[in-house]
Amino acid sequence: MRHTDIRTALTDLLLTPGLDLDEAVDRHFAPDYRQRTDGRWDDRGEFRTHIAHLREIVADGSVEVHEELADGDRYADRHTVTVTKTDGSTVRMEVYLFAEFAPDGRFRRIEETTLLLEGAEGDRTMGSAR
């Protein structure tokens with residue numbers, strides 16, 4: 001079985017404008033999905049709301065995976081997300097991520113910590129903004 005990965009998931013969620021949000025979420029995240037970002041837990045519905053907000057403020061971007069490991073139903077990576085916001089500003093965040101896959105290969109749980117590398121102080125919470 002093929003598992004999803006964070007680069008593919010983030011590309012579908014944020015960087016593929018013609019892709020329906022619900023379709024993108026369904027491709028990569030199980031129905032019982034939960035996510036903790038910088039200490040804040042969200043269920044799948046809250047996560048979808050977060051991504052809908054990001055789609056309103058992100059104009060373009062890229063995902064660079066520096067390290068990635070998958071072992072059975074476990075996944076970990078370190079990646080950098082660089083986005084250009086609709087106001088023209090740039091945000092760059094490094095993310096340390098640990099995850100669990102559902103049996104169908106989608107993410108069931110992600111726990112991540114983010115580090116703002118470039119951007120305004122208000123962008124520090126972009127990983128959980130609504």
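Guide: A patch is made of residues with over 30% relative accessible area and no salt bridge, and nonpolar side chains are joined within 5 Å. The model is predicted.

Visitor: Which residues make the nonpolar surface patch of about 250 Å²?

Guide: A patch residue needs over 30% relative accessible area. Leu115, in strand S6, is partly exposed at 39%, so Leu115 passes that cut-off. The patch covers about 250 Å², and its members are Tyr96, Leu115 and Leu117.

Visitor: Which residues of helix H2 are buried?

Guide: Buried means under 20% relative accessible area. Helix H2 runs over residues 21-28. Those of its residues that are buried are Leu21, Ala24, Val25 and His28.

Visitor: Within what arc do the buried residues of H2 fall, seen down its axis?

Guide: The residues in question are Leu21, Ala24, Val25 and His28. They line one face of the helix, because the arc within which they fall is 95°.

Visitor: Which helices and strands are among those that cover the buried residues of H2?

Guide: The cover includes two elements that precede or follow in the helix numbering, H1 (6-14) and H3 (44-57). Strands also contribute to it. Taken together, the cover includes H1, H3, S1 (29-37) and S6 (107-118).

Visitor: At the start of H2, which backbone nitrogen does a side-chain oxygen of Asp20 reach?

Guide: The contact is made by the side chain of Asp20 on one side and by the backbone on the other. The oxygen comes to within 3.1 Å of the backbone nitrogen of Asp22.

Visitor: Is Leu19 buried or exposed?

Guide: Leu19 is found in the loop between H1 and H2. Leaving aside neighbours within four places in sequence, Leu19 is in contact with Asp12, Ala24, Arg27 and Arg55. Its relative accessibility is 8%, so Leu19 counts as buried.

Visitor: How many Å separate the C-alpha atoms of Leu19 and Tyr33?

Guide: Along the chain, Leu19 and Tyr33 are 14 residues apart. In space, their C-alpha atoms are separated by 20 Å.

Visitor: Which residues is Trp41 in contact with, leaving aside its neighbours within four places in sequence?

Guide: Trp41 has its place in strand S2 (residues 40-43) and counts as partly exposed at 35% relative accessibility. With the sequence neighbours set aside, Trp41 is in contact with Arg34, Gln35, Arg36, Glu46, Arg109 and Glu111.

Visitor: What is the N to O distance in the salt bridge of Arg109 and Glu111?

Guide: Side chains of opposite charge can pair when their charged atoms come close. Arg109 counts as buried at 18% relative accessibility, whereas Glu111 is partly exposed at 22%. In their salt bridge the N to O distance is 2.9 Å.

Visitor: Which residue forms a salt bridge with Glu100?

Guide: Glu100 counts as buried at 15% relative accessibility. The closest N and O atoms of the pair are 3.7 Å apart. The partner, partly exposed at 27%, is Arg108.

Visitor: Which residues are linked in a network of salt bridges?

Guide: Glu100 is bridged to Arg108, and Arg109 to Glu111. These residues belong to a network whose members are Asp32, Arg36, Asp73, Arg74, Glu100, Arg108, Arg109 and Glu111.

Visitor: How many salt bridges does a search of the whole structure find?

Guide: A salt bridge needs a side-chain nitrogen of Lys or Arg within 4 Å of a carboxyl oxygen of Asp or Glu. Asp42 and Arg40 meet this at 3.3 Å. Over the whole structure, the number of salt bridges is 18.

Note on methods:
Residues numbered from 1 in each chain as written. Predicted model: local features only at pLDDT ≥ 70, side-chain atom pairs only at ≥ 80, totals over all residues. Heavy atoms only, no water. Buried < 20%, exposed > 50% of the residue type's maximum accessible area, 1.4 Å probe, protein only. Helix = DSSP H or I, 4+ residues; strand = E, 2+ residues; numbered from the N terminus. Arc of directions from axis to C-beta. Contact = heavy atoms within 4.5 Å. Polar contact = N/O pair within 3.5 Å; in protein donor to acceptor, adjacent residues only side chain to side chain. Patch = residues over 30% accessible without salt bridge, like charges linked within 9 Å, V, L, I, M, F, W, Y side chains within 5 Å. Areas by Shrake-Rupley, 256 points an atom, 1.4 Å probe, with all protein chains shown as cover.
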